[in-house]
2 protein chains.
Amino acid sequence: MHPLIKNVEYAVRGALPIRAEALSAELKAGKKLNFDKVVFCNIGNPQQLNQKPITFFRQVSSLCENPELLAPENRELLSKLYPADAIARAEVLLKNIGSIGAYSHSKGIPFIRENVAKFIESRDGYSANPEHIFLTQGASSGVQTMIQILTQNTSVGIMIPIPQYPLYSATISLVDAAPIPYYLNEEENWGLSTEDLKKSIEEGRKAGKDVRALVIINPGNPTGQCLSEQNIREIIDFCHKERLLLLADEVYQTNIYMPKERPFHSFKKVLLSMGEKYKDQELVSFHSTSKGMIGECGRRGGYFECVNIDEGVLEQLYKISSISLCPNVSGQIMVDLMTNPPVEGDASYAKYKSEIDGIFQSLQRRAIKLASCFNSLEGITCNAAEGAMYLFPRITIPQKAVEAAKEAKMAPDAFYSMAMLDATGVCVVPGSGFGQEAGTWHFRSTFLPEENLFDGFCSKIEDFHKDFLNKYRD
Amino acid sequence: MHPLIKNVEYAVRGALPIRAEALSAELKAGKKLNFDKVVFCNIGNPQQLNQKPITFFRQVSSLCENPELLAPENRELLSKLYPADAIARAEVLLKNIGSIGAYSHSKGIPFIRENVAKFIESRDGYSANPEHIFLTQGASSGVQTMIQILTQNTSVGIMIPIPQYPLYSATISLVDAAPIPYYLNEEENWGLSTEDLKKSIEEGRKAGKDVRALVIINPGNPTGQCLSEQNIREIIDFCHKERLLLLADEVYQTNIYMPKERPFHSFKKVLLSMGEKYKDQELVSFHSTSKGMIGECGRRGGYFECVNIDEGVLEQLYKISSISLCPNVSGQIMVDLMTNPPVEGDASYAKYKSEIDGIFQSLQRRAIKLASCFNSLEGITCNAAEGAMYLFPRITIPQKAVEAAKEAKMAPDAFYSMAMLDATGVCVVPGSGFGQEAGTWHFRSTFLPEENLFDGFCSKIEDFHKDFLNKYRD
């Protein structure tokens, strides 16, 4: 077996979730545990925790699945089950797709790429070229392709934030490139400074690495910060000076919980606003149907847009995409719906808006509630979530627990998280899975449990934390 | 950019199809060409050529997309649009899946893996373990993962048939392993002998390659042969002696056009029938929802089953699958439907059976018709398709055309295929994209054009071929 395969670590689905699955199976088999349900907070998977899908989106996709419903003889019945705009949208999609059971263009259905381009144009105020947009199976597969293409040999370095989403470290490890870490500053709500970036790239180059790209996750995962426009400009300027390709993971672009103080700025918009000097700055931006208020994770829909990328590279990207034939067509349809939702005047607009707003406001409330729960606990501090779906609290772990962890051959934060799982059924991911400053300990938890269960969820964590401290108090 | 990326070749979506797309766009824009439609015979994509999807499958998947239809208040209307067994199946699936918008288990939904295991058991008469089954995004992604895992360094060799499906050569090239070709014998209807395998592995080893696996495609692509049970035994014995992992691409297992003379035997069934001596022979078998009579290519559904694979390797496969989170859930649902279709007594059985039989018989007729069209042409010989969706005729190209090809900087078979595309709108793939014995020329064409247009399709090819020969006759 390839040694790189063994080296790869992927904590979001690592030891903790595997144990959580096993516990879940034990409960199903009737075993009595300290809890009656495992709560999977290890992964941003809203519909697993009963978030309702957007009605209009599912209506359209179900009609695309079964075009026979659109036959004239079914129309009368159909109109009792489906709003007119869902029917009309399905017809437009099917006309442009043909059958959803056929392989599509390897870059994705041209009509949908055109809609994505319009969405980007209206978001940013700058034109977008459908030929520079690639539909993908979730954002992950696009990230994997880009990192693979960038890695010419083992001396290639790719800058990643610490803490980071382990897709990046895992993929970099898989292709045998070198991660060049730069640290987010917890004291400044996980902000980053260009001094830190400079220090990081210098260290990478001193170590003989050919640093080629910088990964930025905005809003942050696992950290939840939203970058200011000024900060984004500085990052772009840094990449431009250092000739780095910018890989902007912007999958949480609508999970923005302080829209006045911390609105979302796309890297593309900021880059294009910076004028002529930056016109050769390369940027790839990733988006997904899995996050936002949509949460259609199982769909595996997404896209990336290439900005200022050489035509020769685009051709190679097309060729590599072709080997996997095409992204799944229902995921592509969901990308169309995400970027082209009902608008004012459409029959489904009011319902769509109330569903989106309802999910958004609830996420906002839960983010605040969970942060305040964590901050009320002895030895825990937690930054507010400006965006995304996670909190990344810092925990002070008593020396006795550190020793117990050592005996159990676990990192202290993994030990703490495992104890939480066993006591409460709540599955979080230890900070060591994302990277953290040496000597600090964290865990990542989503704030996705259902709102009507949220107080119970918080108090279970509180009780566990108190018991844990009492057990291991120095 | 990684140099391996540039080296990769993928002809099924190469220069010919790119030109075919361009011609198709010109036609749409109103340009007059020698034909009024491009016919994509370069890829096994039945629904692109208007093959109808299986009604029951689409009914179930549309209900899974829109579970609101299943609410009590909709039941009466629903029963007028959907048969009872489709409704019942959707309910069972949703109960076991939860929301199709959630990430599933990274190996695929356990309930569906159990159904796949039952399907394999009833096909082969030997038990199958759901834990050894991985659902994938089409067969391709499974193949890519297995080849990646096998390749420890650049000295690793993987045996592949020539001609082969270019997924194999492209993936091997991408991970920098070495393809070790073994030749199929055109004179014996693309059969293979263990002598040829022995010769091939010896040559690979002489060249310093650590040969680790053998890829077999049965029924063959692009060649369409079905292996006899005796031949499969010999191949297994060869792999056992040489300690090779067997990668069996069995995606065409139901595209069997001479079921009496050449039935399908799965490698697993034959392996397990060979007894104790072979109990450590490693085998991975791939299947897909894209082929057969289903043709749900855009769905990206598939699975692979691991037989006699070490637990440690299975764990690594699970970890690597986790990085991409999960295969898309609608693809997984299609795998469930493929392996667990309506049975006698179900409301939808009669319709299901008549659809499957209709597609099958039509494919059988078209395979015969196209082969006889090719064989009637001067300088063309073509083996019958025992299976799969393709013919791979051999063409004698006149010296004058070979010279013209040289001037155009094309391989002679690519030159011929390009001329066919320009004259008729029919897009095939030159044999050079699959590999062929030196000095021979071929092309691959699907026999998927609609049956009511098939005579016209054949006569267009006939006319073109005559004109081509007249133009370049030596």
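Student: Where in chain B is Pro219(B) found?

Tutor: In this predicted model, Pro219(B) is found in the loop that runs between strand S5 (210–217) and helix H10 (229–242) of chain B.

Student: What makes the peptide bond from Asn218(B) to Pro219(B) cis?

Tutor: Its omega is near -10 degrees, and the bond is accordingly listed as cis. Most peptide bonds are trans. The bond from Ile162(B) to Pro163(B) is also cis, with omega near 0 degrees. Pro163(B) has its place in the loop between strand S3 (156–162) and helix H8 (166–174) of chain B.

Student: What is notable about the phi of Ala388(A)?

Tutor: Most residues other than glycine have a negative phi. Ala388(A) is not a glycine, yet its phi is positive, about 65 degrees. This residue lies in the loop between strand S9 (380–381) and strand S10 (390–391) of chain A.

Student: Why is the pair Glu65(B) and Arg299(A) called a salt bridge?

Tutor: The rule asks for a side-chain nitrogen of Lys or Arg within 4 Å of a carboxyl oxygen of Asp or Glu. Between Arg299(A) and Glu65(B) the N to O distance is 2.8 Å, so the pair satisfies the rule. Across the interface of chain A and chain B, two salt bridges are found. There are also 32 residue pairs in polar contact between these chains.

Student: Which helices of chain A supply at least two residues each to the side that touches chain B?

Tutor: Among them are helix H1 (3–7), helix H2 (15–28), helix H3 (55–65) and helix H12 (311–323). By class, that side of chain A has 30 nonpolar, 32 polar and 13 charged residues.

Student: How many residues of each chain are in contact, and what area is buried?

Tutor: Contact joins 75 residues of chain A with 75 residues of chain B. The two chains bury about 6,300 Å² between them, with 56% of it on carbon and sulfur atoms.

Student: How do you know that the copies meet through the same surface?

Tutor: Of the interface residues of chain A, 100% are also interface residues in chain B, and therefore the copies meet through the same surface.

Student: Why are the two copies said to be related as by a two-fold rotation axis?

Tutor: Chain A is superposed on chain B by a rotation of 180 degrees with 0.0 Å of shift along its axis, and the RMSD is 0.0 Å. The copies are thus related as by a two-fold rotation axis. In chain A, the C-alpha nearest the axis belongs to Ser62(A), 2.2 Å from it.

Definitions and conventions. Residues numbered from 1 in each chain as written. Chains lettered and ligands numbered in written order. Predicted model: local features only at pLDDT ≥ 70, side-chain atom pairs only at ≥ 80, totals over all residues. Heavy atoms only, no water. Contact = heavy atoms within 4.5 Å. Buried area = accessible area lost by both parts, 1.4 Å probe. Polar contact = N/O pair within 3.5 Å; in protein donor to acceptor, adjacent residues only side chain to side chain. Helix = DSSP H or I, 4+ residues; strand = E, 2+ residues; numbered from the N terminus. Nonpolar A, V, L, I, M, F, W, Y, C, P; charged D, E, K, R; others polar. Least-squares fit on C-alpha atoms with pLDDT ≥ 70 in both.
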